[in-house]
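Subject: Structure handover

Hi,

Here is the structure I promised to pass on. Have a look at it first, then read my notes below.

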Amino acid sequence: MSHQTKHLTLPIGEAEARALRVGDILYLTGRIFTARDEAHLTMLEAHERGEPLPFAPGEMALFHCGPVVRQVGDGWEVIAAGPTTSVRMEIFEDRFLETFAPRIVIGKGGMGARTQAGLEKVGAVYTHYTGGAGALAAKRIERVEDVHWLDKLGMPGAAWIFAVREFGPLLVTMDSSGGSLYRDLEPTIAENMKAVAARIDAS
Amino acid sequence: MSTERIVPALVEALRIASTILPEDVVEALRRARGGETSEIARAQLDAILENVGIARDGSIPMCQDTGTQTFFVEAGVRSPFLGEIRDWIAAAVVDATAAIPLRPNTVDPFTGANPGDNTGRFMPFLDWDLVDGDEIRVTVLPKGGGSENMSTVKMLPPGVGIKGIKKAVVEHIVASGGKPCPPTVVGVGIGGGADIALKLGKKAILRPLGSANPEPAAARLERELLELINMTGVGPMGVGGATTSLAVHVEYAHRHPASLPLGILVQCWADRRAHVLITPDGTAEVIS
């Protein structure tokens, strides 16, 4: 596995996204939006009703995150903003990718076959950000540009638009050519589990 | 009068738990960093350790999931404050949510409504133990949702024995992969009943990291399970590596002849906790 470190300015195009590979480490500058389960659903439902979205998700990275944010005057200050467990979004992430085409997904824990297919179809990557590193992430967020559906979805569930500088390190763990760090690990773990089973049987 | 002293002490305990990772956990993470040979596994632990430093120095929550606030109350039966402690804890949670701040994490299961202050039906949850004496010892455990989602109970057939327990725990940790934010602390509760096994597992994660159960058989199981889990190669954040868990703690109760309940409680690397000791004169000491 190669480890290329790339500093990207958003938005990026399909060709640029398709050139990213499992093992690449990314630092992003530009805009990212947060969306957990409910924001995914809210955005998909708005699209189905033919309503325009209040922001352009295709030009930003999608961040699976429910941040801690504090109101300061008319604006907002991000206190902590690490990734949430991505696999909850597996049930609609392929549809989300095909509808809105964000080129970079940021989360933790990896995703499944549906998302992998969506990444391949659309030309996008899934990246892993260290789980729980909420204070570190907040340091790389320059400002909150906007927030949508705050009343409906609450602080963790709302879609927050962050302007970020050198946001990372993000490890590409699923790419658009079918590469998956999680799948690559499976044979190693399966082999290790044979040794585990032998140890247990002998105990 | 005591409210004025004890509520702020409880708020301070919540602040310490949310912003300062206990030194035993930091030390275990540093050791794990030293034991990793993979570049991407080391990068995960480096990010965690840098994050822990930023949180401590800036007095900000180390993780955006500040958890649901669970309190373990060891209540001395002769304490004069048994009637008040529940209200004080609830008041402290409301104050701490605004002051630290904590993410509002209590959601009505039917309406989805979030009161915004981390209170709600049965929340904050208090786990009571009546003990001898006149002091109250409160332990706060802000536990995140990602790792709690990986906690489970299995009702094993007793015939599988302790070997069956080992197999079930390791298989569950492998199936959980990166989702509970490893390296984790695993609490294993054995026996009692379904609810009791889970409760014992949760109490197990409150122990100082790597402390051994005083019963030799349970202590041996702790050591074996830690070795077995770290043989799997799941690694920090599930990206592959040598340290999947920092510690395994076992607690047990006698079981029904027909049952072998196994509670598996998974705690993320952010093994946050703090204690408050309330004495009968109304003073409260915060112990991190």
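Before the helices, a quick word on angles: axes are lines fitted to C-alpha atoms, for helices over the stretch in contact, and angles run from 0 to 180 degrees between N-to-C directions. Helices (H or I, at least four residues) and strands (E, at least two) are DSSP runs, numbered from the N terminus.

Keep in mind that this is a predicted model, where local features need pLDDT of at least 70, side-chain atom pairs count only at pLDDT 80 or more, and totals for chains, interfaces and linings use all residues. Residues are numbered from 1 along each chain as its sequence is written, while chains are lettered from A and ligands numbered from 1 in the order in which they are written.

**Where the chains meet**

Start with helix 7 of chain A (residues 181-202) and helix 6 of chain B (residues 161-176): their axes come within 10 Å and cross at roughly 165 degrees. That makes the pair, helix 7 of chain A and helix 6 of chain B, roughly antiparallel (angles under 35 degrees count as roughly parallel, over 145 as roughly antiparallel, 65 to 115 as roughly perpendicular and the rest as oblique). The crossing of helix 7 of chain A past helix 6 of chain B is right-handed, meaning that the near helix is turned clockwise from the far one by less than a right angle; anticlockwise would be left-handed.

Which residues of the two helices meet? On helix 7 of chain A they are Ile189(A), Met193(A), Val196(A) and Ile200(A), and on helix 6 of chain B they are Lys163(B), Lys166(B), Lys167(B), Val170(B) and Val174(B). Contact here means that the C-beta atoms of two residues, placed from the backbone, lie within 7 Å. By class, this contact of helix 7 of chain A with helix 6 of chain B has six nonpolar, no polar and three charged residues (Ala, Val, Leu, Ile, Met, Phe, Trp, Tyr, Cys and Pro count as nonpolar, Asp, Glu, Lys and Arg as charged, and the others, Gly among them, as polar).

Zooming out, 41 residues of chain A are in contact with 44 residues of chain B. Helix 7 of chain A gives the most to the side of chain A that touches chain B, with 10 residues. That side of chain A has 21 nonpolar, 16 polar and four charged residues.

**Two sheets in chain B**

One open sheet in chain B has five strands in the order 2-1-3-8-9, with mixed pairing. Strands pair if DSSP finds at least two bridges between them. Strand 2 (125-131) and strand 9 (284-287) of chain B are at the edges with a single partner strand each, so one side of each has no neighbour in the sheet. From one strand to the next, the twist averages 20 degrees. Strand 1 (residues 68-76) and strand 2 of chain B run parallel and are joined by seven bridges; Val73(B) stands opposite Trp128(B) in strand 2 of chain B. Helix 4 (residues 85-99) of chain B packs on this sheet and touches strand 1, strand 2 and strand 3 (136-143) of chain B.

The other open sheet has four strands in the order 4-7-5-6 (chain B), and its pairing is mixed too. Here strand 4 and strand 6 of chain B are the edges, each with a single partner strand, so one side of each is left without a neighbour in the sheet. Strand 5 and strand 6 of chain B pair in the parallel sense over seven bridges, and Thr184(B) has Ser245(B) in strand 6 of chain B as its bridge partner. Helix 7 of chain B lies across strand 4, strand 5, strand 6 and strand 7 of chain B, at about 35 degrees to strand 7 of chain B.

**A spot to click on**

Is Leu265(B) buried or exposed? Leu265(B) is buried, with 28 other C-beta atoms within 10 Å (buried takes 20 or more other C-beta atoms within 10 Å of a residue's own, exposed 12 or fewer, partly exposed is in between, with C-beta atoms placed from the backbone). You'll find Leu265(B) in strand 7 of chain B. Beyond its neighbours within four places in sequence, the contacts of Leu265(B) include Leu198(B), Gly201(B), Lys202(B) and Ala204(B). Those four are also among the buried residues of helix 7 (residues 194-204) of chain B.

Cheers
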